[in-house]
Structure formats: structure tokens, C-alpha cells
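Here is a short report for a first look at this structure. Please keep the sequence and the 3D view at hand.

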Amino acid sequence: MADYQSYKENNTPGTEPPGEPARKRKKGGCALIVLNIALILATGVLLMWGAMGFLKLYTRWGDAVTVPEVAGLSRAEAEEAFRKLDLRMEIIDSVFVDSAKPGVVMDTNPRQGSKVKSDRVIFVTVNANSARQIALPQVLQLSRRQAVATLRGAGFTNVIERFVPGEFNDLVLAVKDGTTGLALISGNRLAVNTPIVLEVSSAPLLDSLMMVEDALLRDSLAKSSGEATPERGGEPTTSPDTGNGGNTTQSDPDDWF
């Protein structure tokens with residue numbers, strides 16, 4: 001403060017007050033910092049704008065098509081429908097449905113009606129020409145419930161239970177093809193929709209059958225006994241013998257001559 005008062009008193013032209021260069025340098029440093037911050041923000045904005053423009057071009061933002069309805073169409077028809085929309089098709093799986101024609105499209109991924117970019121690959125599932133074949137598991141001498149669970153777990157969809165007379169209850173005695181009636185063994189390869197018939201033992205059914213057989217046998221024996229006994233329509237012909245105390249006896253044919 002004394003230096004500044006001395007400067008005012010002397011008022012020497014061309015000279016700066018004490019401390020003025022430091023204040024100027026401080027103001028210049030603040031302006032440079034503000035300028036650097038402004039440049040950094042502007043650079044960030046330009047980079048973000050450029051990145052978004054690049055992503056928009058790279059992802060073709062706004063350029064979308066709808067996956068067409070191709071379920072039930074043949075492979076060639078589905079490929080043509082996709083080609084018209086600049087889409088590609090690739091078969092990735094097959095199923096078997098009895099009510100659908102072999103080879104037709106059953107499903108798509110992405111789903112039909114979804115919005116996708118052009119030149120996108122659409123994965124399709126088609127209907128197989130025949131049902132998938134699998135090996136028959138071992139189910140003989142298993143319980144009915146366990147055998148059914150084993151067959152369904154293996155993939156068979158048409159399991160039929162048929163009860164037959166047996167010593168034990170709910171025991172699988174035989175496995176047959178429901179279409180041909182032929183006996184099956186474990187390891188046979190069959191279509192998953194083949195009707196599998198399980199012949200399951202039933203002790204009550206065996207008891208009922210034995211009772212019916214006994215009744216039929218008794219009825220048959222009764223009929224046989226009735227046929228062996230002569231019918232009594234009248235008394236047999238006899239001739240009186242007065243020399244025998246009035247008793248009637250049948251005449252001896254040897255006495256006729």
C-alpha cells in the first residue's frame with residue numbers, strides 16, 4: 001500500500017504500479033483455463049455427434065422390415081417370400097406333426113410379424129417327412145406306472161395299457177406294436193408316435209377268469225351226465241311168470257327157442 005501511495009505521489013509516466021504484472025498473469029491464466037474447458041466440451045460434443053452418426057449409418061437405424069407370415073408354406077415358397085424383403089432363410093430344426101404336410105415351415109425365429117433389419121437371417125423350423133425314431137427302452141417286468149413313465153420319458157407319445165390275467169398286479173408281461181400286433185423287445189427303433197401296447201397283469205381278472213372257467217366246466221359236466229342217462233318215457237316191456245310167485249321178470253331170449 002505504501003508502494004502504491006509512493007507511485008501516486010511520484011506519478012512517473014511509463015511505469016506500472018507494484019504487483020500489476022502478477023494480476024495480469026492471473027487474469028490471463030483464468031482465461032486460458034476457461035478456453036481449454038470450452039474446447040474440451042466442444043470436442044466431446046463433436047465426438048458424440050460423430051459417433052451417433054456413425055452408429056446410425058452402421059446399424060441402418062430406421063431401416064426395418066417385417067418378418068412375413070410363412071407358416072404352412074413350402075421351403076421354396078418361404079425362401080421366395082424372404083427374398084422379396086431382402087431377408088435370408090436358414091433351416092435349424094425339424095418337428096413332426098401328423099396334421100401338417102411334410103417339409104412345410106412350422107415356425108420362425110424371430111417370430112412372424114417382428115421388425116428386423118434387411119439382410120437378416122431368419123431361422124425356420126420345418127415339418128419332417130416322418131416321425132423321429134428312437135430305441136425302445138427295457139420295460140418288461142416293470143410296474144405299469146414305471147413302464148409308462150419310462151416310455152414317455154424316452155419320447156413315445158402313444159402308450160396303451162391292456163390288462164390281461166396274471167398272477168401279480170400291475171406287472172408288464174409283454175410289449176407289442178399297436179399297429180402290427182408284433183411283440184417288441186428293448187432296442188427296437190420305432191417312431192415316437194408308434195402305438196405301444198403294454199400287456200399288464202391283473203390278479204382280479206385272473207380270479208374272475210378262473211371262476212368263469214369253473215362255471216363253464218361244471219355246466220359241461222352236467223350236460224354230459226344228462227346225455228348218458230336214458231330217458232324214462234315208460235316202463236320196460238316184461239312178461240308175467242306165474243311160476244315165480246307172481247313176480248314179473250323180463251323173459252330170457254334163450255327160452256324163445
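In which helix does Leu35 lie?

## Leu35 and its patch

Leu35 belongs to helix H2, which covers residues 20–58. The model is predicted. Leu35 has a relative accessibility of 47%. The exposed class begins over 50%, and the buried class ends under 20%. Leu35 therefore counts as partly exposed.

Leu35 also helps form a nonpolar patch on the surface. Its partners there are Leu32 and Leu39. The patch has an area of about 290 Å².

## A buried acid

Now turn to Asp177. Is this residue buried or exposed? Asp177 is buried. It sits in strand S8, made of residues 172–177. Asp177 has no salt bridge. Arg162 is the nearest side chain of opposite charge, and it is 10.0 Å away. A salt bridge needs the charged atoms within 4 Å.

What does Asp177 touch, leaving out residues up to four places away in sequence? Its contacts are Leu182, Leu184, Thr194 and Pro195.

## The whole protein

Step back to the full chain. The protein contains five helices and twelve strands. It has 257 residues, and 21% of them are buried.

Consider the contacts with a separation of 6 or more. Of these, 67% join residues 24 or more positions apart.

The protein exposes about 19000 Å². Carbon and sulfur atoms supply 57% of that area.

How values were computed
Residues numbered from 1 in each chain as written. Predicted model: local features only at pLDDT ≥ 70, side-chain atom pairs only at ≥ 80, totals over all residues. Heavy atoms only, no water. Helix = DSSP H or I, 4+ residues; strand = E, 2+ residues; numbered from the N terminus. Buried < 20%, exposed > 50% of the residue type's maximum accessible area, 1.4 Å probe, protein only. Lys, Arg positive; Asp, Glu negative; His and termini not counted. Contact = heavy atoms within 4.5 Å. Patch = residues over 30% accessible without salt bridge, like charges linked within 9 Å, V, L, I, M, F, W, Y side chains within 5 Å. Areas by Shrake-Rupley, 256 points an atom, 1.4 Å probe, with all protein chains shown as cover.
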